[in-house]
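Work through the exercises below with the model open. Each task is followed by a solution in steps.

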2 protein chains.
Amino acid sequence: MTDTGISFDLADLADRVAASVNPQRYLRLQRALATFGGREDGGVERQALTEVETRARQWLMAQVKGHRYRWLYDDAGNLFLRRDGREGQLAPVMTGSHMDTQPVGGWLDGAYGVIAGLEVMLALDDAGLDTRFPLELAIWNNEEGSRFGPGAMGSSAFADPSRLPAFMSSVDADGVLFSDALQRMFDAVQTAGHVPLGRPVSAYIEAHIEQGPVLEAAGSTLGVVTGIQGVRWFEVLVTGSSAHAGTTPLDVRQDAVLAAATLLRRIADAALALGDDRLRVTSGRFEVKSPSINTVADRVLFTIDLRHPEEAVLDAFEAQIRSIVGSGAAPCAGEVSCIMRKPPTPFHPHVVALVEQASNRSGELYQRIGSGAFHDAMYLADRCPTGMLFVPSIKGVSHNVAEDTKEEHLVAGVRVLAATLYSLAR
Amino acid sequence: MTDTGISFDLADLADRVAASVNPQRYLRLQRALATFGGREDGGVERQALTEVETRARQWLMAQVKGHRYRWLYDDAGNLFLRRDGREGQLAPVMTGSHMDTQPVGGWLDGAYGVIAGLEVMLALDDAGLDTRFPLELAIWNNEEGSRFGPGAMGSSAFADPSRLPAFMSSVDADGVLFSDALQRMFDAVQTAGHVPLGRPVSAYIEAHIEQGPVLEAAGSTLGVVTGIQGVRWFEVLVTGSSAHAGTTPLDVRQDAVLAAATLLRRIADAALALGDDRLRVTSGRFEVKSPSINTVADRVLFTIDLRHPEEAVLDAFEAQIRSIVGSGAAPCAGEVSCIMRKPPTPFHPHVVALVEQASNRSGELYQRIGSGAFHDAMYLADRCPTGMLFVPSIKGVSHNVAEDTKEEHLVAGVRVLAATLYSLAR
C-alpha cells in the first residue's frame with residue numbers, strides 16, 4: 001500500500017475512477033444478486049453454501065470477463081476476483097465482503113460490499129486505468145454463522161489458517177457437515193483456480209451498510225469507520241429461594257426475578273450515567289428457571305452484551321458490573337461469568353485517512369463512526385492495514401426483510417470505495 | 001352450629017376431648033399414610049385418583065370400625081367418614097382436607113387435616129363422648145389440580161354441583177379422562193355408601209400446615225385463620241423494538257427487557273412503600289420473546305400475582321399497577337391484562353372465635369393469621385360457617401420433599417381441632 005499522502009494528480013485520477021462508477025449498472029447487479037434467494041417481501045434467504053448461494057457464486061463469476069481477470073478459490077471457500085496489477089509480484093489490495101445471509105435477511109448487508117467492489121473493477125475498466133498493485137474482490141465464506149457456526153469462518157481462516165480444521169466438523173441443523181457442503185460448492189464452481197490460505201495482502205477496505213441508526217440520524221451519507229468495538233459477553237446467575245407467592249411475606253423473600261430486575265436496572269443506570277455514546281450494554285436473554293405465576297422464583301439467568309471501542313472502558317465497565325452484581329443482588333446471590341471476550345479492532349490510521357479524504361472529495365456529508373457489529377474486516381485487520389466505509393441503514397434496520405438504503409447513498413458509497421481503492425493500488 | 005358462647009361445662013368437655021387425643025396413635029397414622037407414594041427422601045408422590053391414592057383411600061377406610069361409623073362417597077369423588085350424632089336429622093359438622101399431593105409433595109400438606117380429623121373421631125370414642133350433630137371427616141377429591149385441572153374439584157363441586165360436568169372432561173398429561181379415573185376409583189372402593197352432592201352442612205373447620213414462614217418466625221404453635229386472601233393474576237406485555245446490540249446507541253433504544261425490569265422494580269417499590277405486611281406481589285414468569293444475547297428484545301411478558309385479604313386494597317394496588325405500567329414503560333408500550341380474579345374469603349367470626357378460644361385454653365402460643373394459599377375451606381365457606389387452623393411449616397416450605405412440622409406442633413393442632421369440633425357439634 002501507499003505510505004505517503006495522496007498527490008493532487010493521484011487525487012484527480014481517483015476522482016476519475018469515482019466518476020466512472022455506473023449507477024445503473026451497479027444497481028442492476030445489486031438487484032440481480034438479490035434474486036438469488038429473494039422473497040416477495042423484499043427479504044433474501046441465502047445462507048452459506050446452500051444451493052442458492054452456490055448458484056449466486058456461479059452467476060457472479062459470469063459477470064466479469066477479460067484477460068485481466070481471474071477467479072480463484074482457497075480451501076476455506078473464499079472466492080476471489082483478481083484484477084492484475086502492473087507489478088504482479090506485489091501482494092494484492094483487497095476489497096469485498098460476504099454474500100451469505102441470515103436465515104431471513106435483507107438484500108444488502110454483505111452483498112453491498114461484494115457488488116460495490118465488482119462495480120469498482122468495471123469502473124476501472126471503463127476509465128481505462130490499471131493499477132500498480134493487483135486488485136482483488138473477496139467474497140468471504142460464511143460470515144453470518146447462522147447455518148454453520150461460528151461466523152466469519154472464511155475471513156478468520158484466511159487470517160489464520162490454523163482455524164480451518166475445527167470449522168470442517170461444524171454441522172448444520174440438518175446434520176450436514178461443513179466440509180461436505182464446502183466440497184459440493186467446490187464441485188459446482190470448477191472453473192475457478194486455487195490460491196493458498198495465508199498469502200499476504202497489501203491492504204483491505206470493506207464497504208458495508210451501517211446496520212445501525214447513527215448515520216441516518218445525523219444526516220450523513222457516508223461513515224468513515226475508525227474501528228470495530230470490543231465485545232464481552234456475560235452471564236449473570238441470580239440465586240434466591242423458591243417460595244409460595246401467597247404465603248410468603250415480601251420482607252422474607254429471596255426473589256430471584258426481582259433481584260435480577262434490580263441488577264439489570266442498576267447496570268443500565270450505570271451505563272447511562274457514563275454519558276458515553278459509544279458504550280453499548282444489552283440484556284437480550286432473561287430466563288426464569290421453573291417459571292410459575294404463583295411461585296417466587298429461585299433462579300434467574302440473564303446475559304449482558306457489553307461493547308465499546310476502547311479496552312480500558314470495557315475493563316472499567318466490567319468492574320462496575322461485577323461490583324453491582326456483587327453487592328446489589330441481596331438477599332439473593334449473584335454470580336458473573338464472562339463467556340466471550342473480543343478486544344477492540346482499531347483500523348489503520350492511513351486507510352481511515354484515505355477513506356476520509358475520498359469522502360471529503362465526494363462532496364457528500366460524512367462522519368467518522370465506530371462499527372458496532374462484527375465484520376470480515378475485523379479478521380483482515382490482523383493481517384494488513386484495513387479500513388471500512390459505511391452507508392446508512394434506513395431506520396437502522398438490518399438482518400430483516402425491511403433492510404434498505406437509499407439508492408443515492410449506495411451509489412455514493414461505491415464512488416468513495418472506488419476512489420479509495422485506486423488511491424491504495426494506483 | 002352453636003350460635004352462643006361456650007359454657008364452662010362445655011369448655012371442660014372440649015378440654016377432655018383434646019386431652020383424649022393420642023399422640024402416638026395420631027403420629028403412627030400420619031406416618032402410615034405417608035408410605036402411600038412415599039419416597040426415600042421424605043417426599044410423597046400421590047396425585048389425585050392414581051392407583052396409589054386409591055390404595056391410600058382403601059387403607060384409610062380400614063382404620064375405623066364400629067356401628068357408629070359409615071364411609072360415604074359423592075359423585076365428585078369426595079370421601080366422607082360419618083360419625084352419628086344424637087340428632088340424626090341435623091346437617092353434619094365437618095372437618096377434613098385432601099390427601100392428593102403435587103407430583104412431588106411433602107408428607108403433610110392436606111394429609112395433616114385428614115389424619116388430624118380421624119384422630120379427633122378416635123379421641124371422642126376414647127373419651128366416651130357423643131355429639132348432638134353428626135360429625136363428618138371429608139377427604140376432598142383433587143385439591144392440588146396438578147394431574148387434572150382445575151384444583152379443588154371435590155370441594156368446589158360439593159359447594160356448587162353445577163361445576164361437576166365441566167370437570168368430567170378434564171384430561172391428564174397421559175390423555176386419561178377425569179371421569180374414567182374417577183370410575184376406576186369408585187370400582188375399587190365399593191364398600192362405601194353414596195351421598196348426594198349439594199347436601200347441607202352445619203359448619204366446617206379445616207386443619208392445615210401454614211405453607212408459609214409466619215408462625216415459625218413469630219414463635220407461634222398455632223394459627224387462628226381469619227380468612228383466605230383474594231388473588232388477582234395479571235399479565236403485563238411490554239412492547240419495544242428489536243435492534244442490534246452493537247450498533248444501536250442506548251438513547252435511541254426501545255428495550256423491552258429493560259422497560260419490563262424497570263416496571264417490575266417500580267411495582268415492587270410501590271408494594272414495599274405501602275408497608276402492609278399482608279400484601280403479596282410476585283412476578284414468577286418473565287419471558288423474553290425471541291431471546292438473543294446480541295439483540296435488543298422487542299417483547300417481554302411478565303406476570304403479577306397480587307394477594308391481600310381486603311378487596312379494597314386489591315382494587316387500590318391494581319390501580320397502582322395500571323398507572324405504573326401506563327406511564328413507566330416509556331419508550332416502550334405496556335399493557336396490563338387481568339387473567340384471574342378471586343375475591344377474599346373471610347371466615348365466619350363465630351368459628352374463628354371458637355378456634356381462638358380453643359387455642360387459648362390449650363396453653364400454646366397462637367396468633368391470628370390470614371391464609372396466603374387456597375384451601376378446600378374457601379369453597380366450603382360459600383356453604384356454611386367455616387374456619388381453619390394452621391400449624392407451622394419449618395422454614396415455610398411446602399409442596400416439597402423438605403416439607404415438615406415439629407411433632408409437638410402437629411399434636412397441639414390435633415388437640416385444638418378436637419376441642420373446636422366438639423364445641424361445634426357438642
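Buried means under 20% relative accessible area, exposed means over 50%, and partly exposed lies in between (1.4 Å probe, protein chains only). Helices (H or I, at least four residues) and strands (E, at least two) are DSSP runs, numbered from the N terminus. This is a predicted model: local features need pLDDT of at least 70, side-chain atom pairs count only at pLDDT 80 or more, and totals for chains, interfaces and linings use all residues. Residues are numbered from 1 along each chain as its sequence is written, chains are lettered from A and ligands numbered from 1 in the order in which they are written, and side-chain values use heavy atoms, with hydrogens and water left out.

**Exercise 1. Helix α3 of chain B**

Task: Find which residues of α3(B) are buried, and which elements they pack against.

Solution.
- Step 1. Take the residues that pass the cut-off: Val52(B), Glu53(B), Thr54(B), Ala56(B), Arg57(B), Trp59(B), Leu60(B) and Met61(B).
- Step 2. Set them against the helix, residues 51-61. Eight of its 11 residues are buried, so α3(B) is largely enclosed by the rest of the structure.
- Step 3. List the surroundings, where contact means heavy atoms within 4.5 Å. In chain B, the buried residues pack against helices α2 (23-34), α4 (109-127) and α7 (178-188), and against strands β1 (69-73), β2 (79-83) and β4 (135-139).

**Exercise 2. Helix α4 of chain B**

Task: Compare the span of α4(B) with its expected span.

Solution.
- Step 1. The expected span of a helix is 1.5 Å times one less than its number of residues.
- Step 2. For the 19 residues of α4(B) this gives 27 Å; the end C-alpha atoms are 28 Å apart, which agrees.
- Step 3. Check the cover. Of the 19 residues in α4(B), 17 are buried.
- Step 4. Look just past the helix. Gly128(B) has a positive phi of about 70° there.

**Exercise 3. The interface**

Task: Describe the contact between chain B and chain A.

Solution.
- Step 1. Count residues. Chain B gives 46 and chain A gives 46.
- Step 2. Find the area. Buried area is the accessible area (1.4 Å probe) that two parts lose on being put together, summed over both. Here it is about 3900 Å², with 66% on carbon and sulfur atoms.
- Step 3. Pick out the main contributors. Thr247(B), Leu250(B) and Ile293(B) supply 18% of the area that chain B buries against chain A, more than any other three residues.
- Step 4. Search for salt bridges (a side-chain nitrogen of Lys or Arg within 4 Å of a carboxyl oxygen of Asp or Glu). The rule finds zero across this interface.
- Step 5. Map the elements on the chain B side. Those giving two or more residues are α9 (256-274), β10 (280-282), β11 (286-288), β12 (295-296) and β13 (299-308). The largest share, nine residues, comes from α9(B).

**Exercise 4. Salt bridges within chains**

Task: How many salt bridges are there over all chains, and which parts do Glu407(A) and Glu136(B) tie together?

Solution.
- Step 1. The count over all chains is 57.
- Step 2. Glu407(A) bridges to Arg31(A), with the closest N and O atoms 2.1 Å apart. Glu407(A) lies in α13 (407-425) and Arg31(A) in α2 (23-34) of chain A, so the pair ties together parts 376 residues apart in sequence.
- Step 3. Check exposure. Glu407(A) is partly exposed at 38%, and Arg31(A) is partly exposed at 40%.
- Step 4. Glu136(B) meets Arg82(B) at 2.6 Å, N to O. Glu136(B) is in strand β4 and Arg82(B) in strand β2 of chain B, so this pair links parts 54 residues apart in sequence.
- Step 5. Check exposure again. Glu136(B) is buried at 0%, and Arg82(B) is buried at 12%.

**Exercise 5. Backbone exceptions**

Task: Where are the cis peptide bonds at Pro331(A) and Pro331(B), and is Gln211(A) buried or exposed?

Solution.
- Step 1. Recall the background. Most residues other than glycine have a negative phi, and most peptide bonds are trans.
- Step 2. The bond from Ala330(A) to Pro331(A) is cis, with omega near 5°. Pro331(A) sits in the loop between α10 (311-328) and β14 (333-342) of chain A.
- Step 3. In chain B, Ala330(B) and Pro331(B) are joined by a cis bond with omega about 0°. Pro331(B) lies in the loop between α10 (311-328) and β14 (333-342) of chain B.
- Step 4. Gln211(A) has a positive phi near 65°. Gln211(A) is buried, with a relative accessible area of 3%.
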